[in-house]
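The following exercises concern charged side chains. Please work through each task before reading its solution.

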Amino acid sequence: WYMDAGHLEDPKQKDNVTFRLSKEDKACGGDGVPLTFMEFHVAGVRPVDVFNTLADAHRQAQWDKSCAKMEPLGDMQMLQARGFAGVFVSPGPLSPREAFEWQLAEANFTSEEFWLIFSTVNNDDLHQRASLDQGAVEMQNCLAAYKITRTPSGAHVVNTQQVNSHPWPLSSRFVANSGWTASVDFANALSAASKDQASLGWNATNVSLPSWMLEDRPCDAPRPDTELKDSLLHRAAAELALADKGVAKDLPLLGGGAMRLWRRKAACGGCGVALGEVPAWQAEFEVPGVVSAEVFNVLVGKEEEPAWNAHLEQANFTGFHGGARGVHEEFKPPRDLFHMWAPREVWEWQAAAHNVSTGTYLVALSSAAGPTTAPFDS
């Protein structure tokens, strides 16, 4: 597609970097945005040196002035991918942009052809591992691909990006056209950093990636994907194990007994809701006359919860992903004589575990990165 010049606007050139923009916009992040392409040569280095510079993503902020940080979010070995949260500087007074990206790679050491890909597509698992930085606007980079090959005097790089930085009232095409020299600055910075990498004298097959990202998949049956489930349960266990749960208060329960309630402040946001400090609650109480499995079954049966939870209007299940189950709930608005509150809907992932040895159960729910089904009233 890229090789057909009919798909592209006329090239722009600076510092031996060629920049092109697609004539058509493609869908990304809910909008139509153009694809950008860059080609440039890095003299005096091997393709693997450029590859290692890009692959070592958490160090990108050391050489790329447009990158404030690139925070590792963990591995998904099932997909041979790593996750990162990248915060990027915006010009002038504009808020920084943050992308929750997957990183994938391929390397052919014989032909010296290397590929590196970043993408925000299907990044719900990454949203479960980190919150949007306060003050940042989430952006999408639906495809960032680098093809790196050998030339007689160094390495040749072809790069494409499809970025939706949500620059309203400007269009993504206007931003890409007016800011194309920033892409040239990135190419120059990458070239300089690749030369620093080359000076380290690494072996030609030494890479700054874990080996499992480049190995061929085994021929036996793949392991089930439980990355999302494992992440949710790990966060839930850590939360429940906190030593400082906040301010405690004992409340009486109907039928006798008491519930101990803790409250503290914690950050929460995402899904179009700005990150902010909100109350975080923990509660502890006993349910007499039942076994733990019965309480567990009531909690995981979300579709039946409206029958006993007066605050919940309706709920259903939306599917499975990464070992977790999707849940869609609608909560009744509070009654207020002076204000008409609208119902609140939430899309969540639900994960559960049972420890046979201790007889304990764990159920976790966490908001999805965005709606996974249509709203109830659609």
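Buried means under 20% relative accessible area, exposed over 50%, and partly exposed in between (1.4 Å probe, protein chains only). The model is predicted: local features need pLDDT of at least 70, side-chain atom pairs count only at pLDDT 80 or more, and totals for chains, interfaces and linings use all residues. Residues are numbered from 1 along each chain as its sequence is written, and side-chain values use heavy atoms, with hydrogens and water left out.

**Exercise 1.** Determine whether Arg173 is buried or exposed, and describe its salt bridge with Asp25.

Solution. Arg173 has 18% relative accessibility and therefore counts as buried. Its side chain meets that of Asp25 in a salt bridge (a side-chain nitrogen of Lys or Arg within 4 Å of a carboxyl oxygen of Asp or Glu), at 2.5 Å from N to O. The pair links distant parts of the chain, 148 residues apart: Arg173 is in helix α3 and Asp25 in the loop between β2 and β3. Helices (H or I, at least four residues) and strands (E, at least two) are DSSP runs, numbered from the N terminus. Asp25, at 39%, is partly exposed. Together with Glu9, both residues belong to a network of salt bridges.

**Exercise 2.** Locate the salt bridge between Glu329 and Lys302, and classify both residues by accessibility.

Solution. The closest N and O atoms of Glu329 and Lys302 are 3.0 Å apart. Glu329 lies in strand β17 and Lys302 in the loop between α6 and β16, 27 residues apart. Glu329 is buried at 1% relative accessible area, and Lys302 is buried at 8%.
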